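Let's take a walk through this one together. Have the sequence and the 3D view open, and follow along as we go from the metal to the charged pairs and the cysteines.

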Amino acid sequence: MPPSSLRVVYAFAREMHPKTSDVFIQYGTAGFRTKANLLEHVVYRMGLLAVIRSRVKNGRTIGIMITASHNLEPDNGVKLIDPDGEMLEQSWEEIATRLANVSDNDLESTTAEVIKQVNADMALKASVFIGMDTRYTSPRLAAAAANGVIALKGTPKEFGIVTTPMLHYCVKCRNDNTYGTPTEEGYYEKIVGAFKNIRQKLPVYGEYNTTLYVDGANGVGGKKLNIIKKTLDGELDLHLYNLGGNGGKLNLNCGADFVKVSQKPPVGVEHVPFQRVASLDGDSDRIVYYYMDDKDNMILLDGDRIATLLASYVTQLLKSAEAADLKLGLVQTAYANGASTRYITEELKVPVSCVKTGVKHLHHAALSFDIGVYFEANGHGTVVYSDKAKKTIGNIASEGEPEQRKAAQLLLNLIDMTNETVGDAISDLFLVETVLCARGINAKQWLQSYTDLPSRQLKVTVQDRNAISTTDAERRCTSPEGLQNRIDALVAKYKSGRSFVRPSGTEDVVRVYAEADTSKSADKLASEVAQAVFDLAGGVGTRPELPA
Ligand SMILES: CC(=O)N[C@H]1[C@@H](OP(=O)(O)O)O[C@H](CO)[C@@H](O)[C@@H]1O
Ligand SMILES: [Mg+2]
């Protein structure tokens with residue numbers, strides 16, 4: 001494309017999607033995320049960038065997802081999906097940030113600079129898949145993204161309302177047709193098909209029962225499960241709550257993030273003692289389980305629990321299949337409960353690595369194992385199988401001894417049920433239900449593998465959250481000076497104490513995490529560390545208080 005044609009980009013931007021705010025916006029842990037009314041020009045520009053990215057990748061399809069995940073309704077966001085269904089390559093985040101923040105007057109020249117910098121052949125075809133969540137601001141933003149794509153003569157394909165993982169899946173399938181069919185229906189066929197297939201081999205027995213309650217967070221995931229529900233032929237009896245009707249607001253006092261962080265059950269769900277409930281987040285890439293006991297206490301089964309459940313079952317099947325040369329590993333972040341890490345290392349004897357927060361880091365680390373299980377404690381995660389693993393398991397499934405074959409065939413079904421591109425609440429739900437069923441256990445028995453250390457998360461607002469720098473997979477901070485020493489001294493006072501702080505990549509806050517042997521201690525330690533952050537890192541507003 002000759003540089004003069006870029007003039008249309010500039011004209012388009014000014015006329016249709018002008019930059020109306022000077023607020024600096026950064027491509028963070030999960031793309032751009034802020035108040036929806038600040039995003040239109042950003043999304044338009046991501047349309048431009050997706051076309052450039054597609055051309056750098058020889059015309060392979062790139063995805064644009066419009067969502068702010070677990071944030072409340074007034075927010076929205078946008079993130080790019082790379083050709084293999086993964087998060088945008090990290091080195092492009094700076095380019096995305098630059099393009100999002102230039103003035104309309106500089107957009108034409110900056111776009112030209114980017115094209116030159118990444119050496120994009122603008123004569124190539126470009127394909128971009130666009131999806132959005134259920135927010136009322138999403139259609140307008142999706143249209144801006146499509147306009148950006150068209151401005152640089154790429155071909156947009158709009159998927160309408162889909163879960164984030166569905167769009168990742170479709171992008172992957174479009175670029176690799178061995179993975180599946182790049183449509184919402186293709187997704188159901190593969191994932192739900194594998195679940196129904198496996199249920200034929202693993203009949204319901206023991207303490208497992210097929211009733212599952214679901215908190216849909218008033219977002220897209222519940223709506224899609226409502227479609228799936230009708231095709232389950234009784235294999236799973238889904239009771240769906242928080243589907244977005246009856247005035248239920250997206251993520252408000254419900255959904256996976258609310259349940260995990262507040263350690264409270266969501267509103268809008270009918271609770272029956274010991275009945276397991278799966279809680280999804282707003283764009284359905286996270287899932288946590290919980291149940292209420294007979295004293296109305298909520299018992300949480302979070303991402304660490306799901307990771308250990310899946311890892312132990314896959315390990316068991318690998319053993320039965322005698323696929324000894326396949327190495328399984330687990331990836332966590334600093335937010336993983338210390339008890340889970342100990343259980344993985346000492347009981348499961350599975351290697352575990354700790355990486356920085358953000359799925360891209362976990363996904364990347366998981367790829368270094370033959371089979372990598374990764375989960376954030378908040379319920380975002382999946383399993384990735386290397387080509388070697390798939391080949392070995394495939395060979396055993398067709399050529400092994402009968403018992404080996406049986407295990408390998410179950411593994412093949414599990415692989416089909418897994419959305420390997422990204423954490424996926426729907427896929428994870430079917431995986432968890434499969435393992436619970438295979439083991440004949442209920443949620444209470446699932447909980448027995450280890451006992452979580454009580455934990456607490458807090459947020460502190462400071463002048464500039466980037467004043468906090470961290471090292472050692474975010475477990476220690478290197479600035480501001482003196483803060484880590486203060487945290488060390490506070491932690492030392494508590495039995496089984498652990499605490500760390502880091503700047504959020506999705507909100508303008510510093511996050512504080514603490515765990516200790518009792519809830520009271522965990523709460524106190526978190527508050528004391530929050531005060532230290534406030535005092536040493538430029539706290540704004542009211543100083544955090546200690547619990548009563
Ligand atoms: C403690 C926590 O749960 N942090 C979340 C949150 O990131 P922050 O950078 O902490 O704001 O949102 C990310 C995107 O959804 C998710 O990957 C991450 O785990
Ligand atoms: Mg999400």
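**Charges, a pocket and a metal**

Arg305 has a relative accessibility of 1%, so it counts as buried. Keep in mind that we're looking at a predicted model. Which residue does Arg305 pair with? Its salt-bridge partner is Asp452, with the closest N and O atoms 3.4 Å apart. Arg305 sits in helix α10 and Asp452 in the loop between α16 (443–447) and β15, so the bridge ties together parts that are 147 residues apart in sequence. Unlike its buried partner, Asp452 is partly exposed, at 25% relative accessibility.

Asp452 also takes us to the second largest pocket, which holds about 490 Å³ of space. It has 23 lining residues, and those closest to the centre are Gln263, Leu300, Asp452, Leu453 and Pro454. Several elements give two or more residues to this lining, among them α10 (303–320), β15 (455–460) and α18 (519–536). Sorted by class, the lining comes out as 10 nonpolar, six polar and seven charged residues.

Back to charged pairs: the whole count is 33 salt bridges. Take Lys390 and Glu420, whose side chains meet at 2.9 Å, N to O. Lys390 lies in helix α13 (residues 387–399) and Glu420 in the loop between α14 (402–417) and α15 (425–439), so this pair ties together parts 30 residues apart in sequence. Here Glu420 is the buried partner at 9%, while Lys390 is partly exposed at 29%. Some bridges share partners: Arg60, Asp84, Lys172 and Asp176 are joined into one network that way.

Another pair to pick out is Glu113 and Arg98, at 4.0 Å from N to O. Glu113 belongs to helix α4 (residues 104–118) and Arg98 to helix α3 (residues 93–101), 15 residues apart. Both are partly exposed, Glu113 at 45% and Arg98 at 24%.

Now for the metal. What coordinates the magnesium ion (ligand 2)? The donors are Ser69 (OG), Asp281 (OD), Asp283 (OD) and Asp285 (OD), at 2.0 to 2.2 Å. Along the sequence they follow the spacing S-x211-D-x1-D-x1-D. Asp281 is buried at 0% relative accessibility, and Asp285 is buried too, at 5%.

Last stop, the cysteines. Searching the whole structure turns up zero disulfides. Why is Cys477 not in one? The closest cysteine sulfur, in Cys354, is 15 Å away, which is too far for a bond, given that a disulfide needs the sulfurs within 2.5 Å. Cys477 itself is buried at 7%, whereas Cys354 is partly exposed at 24%.

Conventions: Residues are numbered from 1 along each chain as its sequence is written. Chains are lettered from A and ligands numbered from 1 in the order in which they are written. This is a predicted model: local features need pLDDT of at least 70, side-chain atom pairs count only at pLDDT 80 or more; totals for chains, interfaces and linings use all residues. Side-chain values use heavy atoms; hydrogens and water are left out. Buried means under 20% relative accessible area, exposed over 50%, partly exposed in between (1.4 Å probe, protein chains only). On a 1 Å grid over the protein atoms alone, a cavity is a set of points where a 1.4 Å probe fits but cannot get out, and a pocket is an open set with protein on both sides within 12 Å along at least five of seven lines; lining residues have an atom within 4 Å of a point. Grid points are joined across faces, edges and corners, and a volume is the space filled by probe spheres set on the points. Helices (H or I, at least four residues) and strands (E, at least two) are DSSP runs, numbered from the N terminus. Ala, Val, Leu, Ile, Met, Phe, Trp, Tyr, Cys and Pro count as nonpolar, Asp, Glu, Lys and Arg as charged, and the others, Gly among them, as polar. Donors are N, O and S atoms within 2.8 Å of the metal (3.2 Å for Na, K and Ca); water is not among the atoms, so sites may look incomplete.
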